[in-house]
2 protein chains.
Amino acid sequence: MSIEKDINQKEFKNAFQKVYINLMYTNSWMQDLSKTWCKQFDITQQQYNVLRILRGAHPNCMNPGSIKQVMIDKSPDLTRLIDRLIDKEYVQRETCGSNRRKVDVIITQKGLDKLSELDPHEDGMLDNVRNLSEEEANQLSSLLDKLRNSRDE
Amino acid sequence: MSIEKDINQKEFKNAFQKVYINLMYTNSWMQDLSKTWCKQFDITQQQYNVLRILRGAHPNCMNPGSIKQVMIDKSPDLTRLIDRLIDKEYVQRETCGSNRRKVDVIITQKGLDKLSELDPHEDGMLDNVRNLSEEEANQLSSLLDKLRNSRDE
DNA sequence: CAGATGTAGTTGTTTAAACAAATTGTTTCC
DNA sequence: GGAAACAATTTGTTTAAACAACTACATCTG
């Protein structure tokens with residue numbers, strides 16, 4: 001369905017307002033799917049994102065600061081997000097040896113196992129965007145990159 | 001900057017995973033801008049969205065159910081969102097005459113004034129997406145519409 | 001027209017997001 | 001080498017999101 005029909009708005013001020021609203025609407029739609037997907041595995045989207053980041057670093061550890069830099073949705077409260085991952089025993093945390101202001105966070109075996117459990121189901125999630133051809137998907141990615149460049153740097 | 005650099009991930013599983021992550025990342029980036037924009041006017045994004053919907057209906061009223069249908073980001077707790085708009089005196093609420101299960105919500109003059117105050121600043125917000133040409137913006141909108149069609153109906 | 005079913009909103013409660021201020025540790029620079 | 005500036009994370013507190021359970025009303029069906 002077109003965005004016009006979805007939100008019952010006949011016309012937009014211009015193409016920029018339309019794409020702006022369309023992006024937010026599409027994201028909300030996708031968040032719903034993603035949240036539901038994560039929920040069946042008893043994990044939140046952000047926790048999943050952080051776990052994957054830590055798996056990328058494994059067997060090295062990462063500091064909250066550098067985790068935050070590469071998070072998709074930057075949480076202002078990484079401390080307590082990590083607290084919750086510790087509760088679930090998916091990560092460990094200890095003071096960094098070389099710089100005691102910093103904290104080392106590392107994914108545990110249990111965390112790695114959890115991700116392995118989810119991996120085979122990822123395609124099911126991605127099916128939600130498979131209405132696009134591969135070429136269109138790439139095109140969309142490029143447009144998004146270009147969009148962000150307007151102010152990013 | 002490309003999504004690869006932004007989240008420091010060298011490669012993706014495929015074009016679909018990439019576009020999926022790129023969308024969420026772009027949205028988070030845009031949410032930040034939008035939130036900051038709204039904040040200077042002491043309003044939240046959702047409140048702004050609801051006010052605009054009600055202005056579209058004005059001088060008619062709308063029920064929470066139909067507001068929710070056309071919201072960009074559908075809140076599960078519209079009752080209290082409207083409570084907050086009532087606190088600010090931007091809307092009024094009363095039981096619907098013809099169907100007493102329903103509630104009539106209508107924007108007040110103060111609400112309309114508030115929107116008029118924000119209107120001239122909207123272009124400033126849209127500047128964030130003006131790195132795209134008009135044609136690219138339209139193309140992006142179409143791709144987003146197509147993306148959502150995968151499961152929507 | 002009574003009981004069942006469905007609909008529209010609301011309320012209670014748990015949990016997490018947001019933001020500012022504070023804490024702790026490291027550099028820098030006279 | 002000590003004060004000032006900065007950096008990395010944490011904590012406190014206010015506010016809102018999430019979800020389920022609930023109330024009140026309408027409609028349908030026999």
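In this predicted model, a phosphate oxygen of DNA strand C is 3.5 Å from a side-chain N or O atom of A:Arg84. Chain B also contributes to the surroundings of this strand: a backbone N or O atom of B:Pro64 lies 3.5 Å from a phosphate oxygen of DNA strand C. A base is reached as well, since a polar side-chain atom of B:Arg101 is placed 3.0 Å from a base nitrogen of DNA strand C.

**The surface near DNA strand C**

Around DNA strand C there are 17 residues, of which A:Arg101, B:Lys35, B:Asn63, B:Gly65 and B:Arg80 come nearest. By class, the surface near this strand consists of 10 charged, four polar and three nonpolar residues. At least two residues of that surface are supplied by each of the following elements: H5 of chain A, and helix H2 (15-39), helix H4 (64-70) and H5 of chain B. Among the atoms of DNA strand C within 4 Å of the protein, 68% belong to sugar or phosphate, and the rest belong to bases.

**The surface near DNA strand D**

DNA strand D is surrounded by 18 residues, and the closest are A:Lys35, A:Pro64, A:Gly65, A:Arg80 and B:Arg101. Here the classes are 11 charged, four polar and three nonpolar residues. Helix H2 (15-39), helix H4 (64-70) and helix H5 (78-87) of chain A, together with helix H5 (78-87) of chain B, each supply at least two residues of this surface. Of the atoms of DNA strand D within 4 Å of the protein, 70% are sugar or phosphate atoms and the rest are base atoms.

The following table lists contacts between chain A and phosphate oxygens of this strand.

| Residue | Protein atom | Partner | Distance |
|---|---|---|---|
| A:Lys35 | polar side-chain atom | phosphate oxygen of DNA strand D | 2.9 Å |
| A:Gly65 | polar backbone atom | phosphate oxygen of DNA strand D | 2.6 Å |
| A:Thr79 | side-chain N or O atom | phosphate oxygen of DNA strand D | 2.9 Å |

**Helix H6 of chain A**

Helix H6 (residues 109-118) of chain A has as its buried residues A:Gly111, A:Leu112, A:Lys114, A:Leu115 and A:Leu118. Viewed down the axis of H6(A), these buried residues fall within an arc of 155 degrees, so they line one face of the helix. In an α-helix there are 3.6 residues a turn, so residues three or four places apart point the same way. The buried residues of H6(A) pack against H2, helix H3 (45-57), strand E2 (103-107) and helix H7 (122-126) of chain A.

**Aromatic pairs**

Over all chains, the count comes to four aromatic pairs. One of them joins A:Trp37 and A:Phe41 in an edge-to-face arrangement, with 5.1 Å centre to centre and 65 degrees between the planes. A:Trp37 is buried, at a relative accessible area of 9%, and A:Phe41 is buried with a relative accessible area of 9%. In chain B, the rings of B:Trp37 and B:Tyr48 have centres 5.4 Å apart and planes at 50 degrees, so this pair is tilted. B:Trp37 lies in helix H2 of chain B and B:Tyr48 in helix H3 (residues 45-57) of chain B, so the pair ties together parts that are 11 residues apart in sequence. Burial applies to both partners: B:Trp37 has a relative accessible area of 9%, and B:Tyr48 counts as buried at 11% relative accessibility. In chain A, ring pairs link A:Trp37, A:Phe41 and A:Tyr48 into a cluster.

Terms used. Residues numbered from 1 in each chain as written. Chains lettered and ligands numbered in written order. Predicted model: local features only at pLDDT ≥ 70, side-chain atom pairs only at ≥ 80, totals over all residues. Heavy atoms only, no water. Near = heavy atom within 4 Å. Polar contact = N/O pair within 3.5 Å; in protein donor to acceptor, adjacent residues only side chain to side chain. Helix = DSSP H or I, 4+ residues; strand = E, 2+ residues; numbered from the N terminus. Nonpolar A, V, L, I, M, F, W, Y, C, P; charged D, E, K, R; others polar. Buried < 20%, exposed > 50% of the residue type's maximum accessible area, 1.4 Å probe, protein only. Arc of directions from axis to C-beta. Contact = heavy atoms within 4.5 Å. Phe/Tyr/Trp six-rings, centres within 6.5 Å; stacked < 30°, edge-to-face > 60°.
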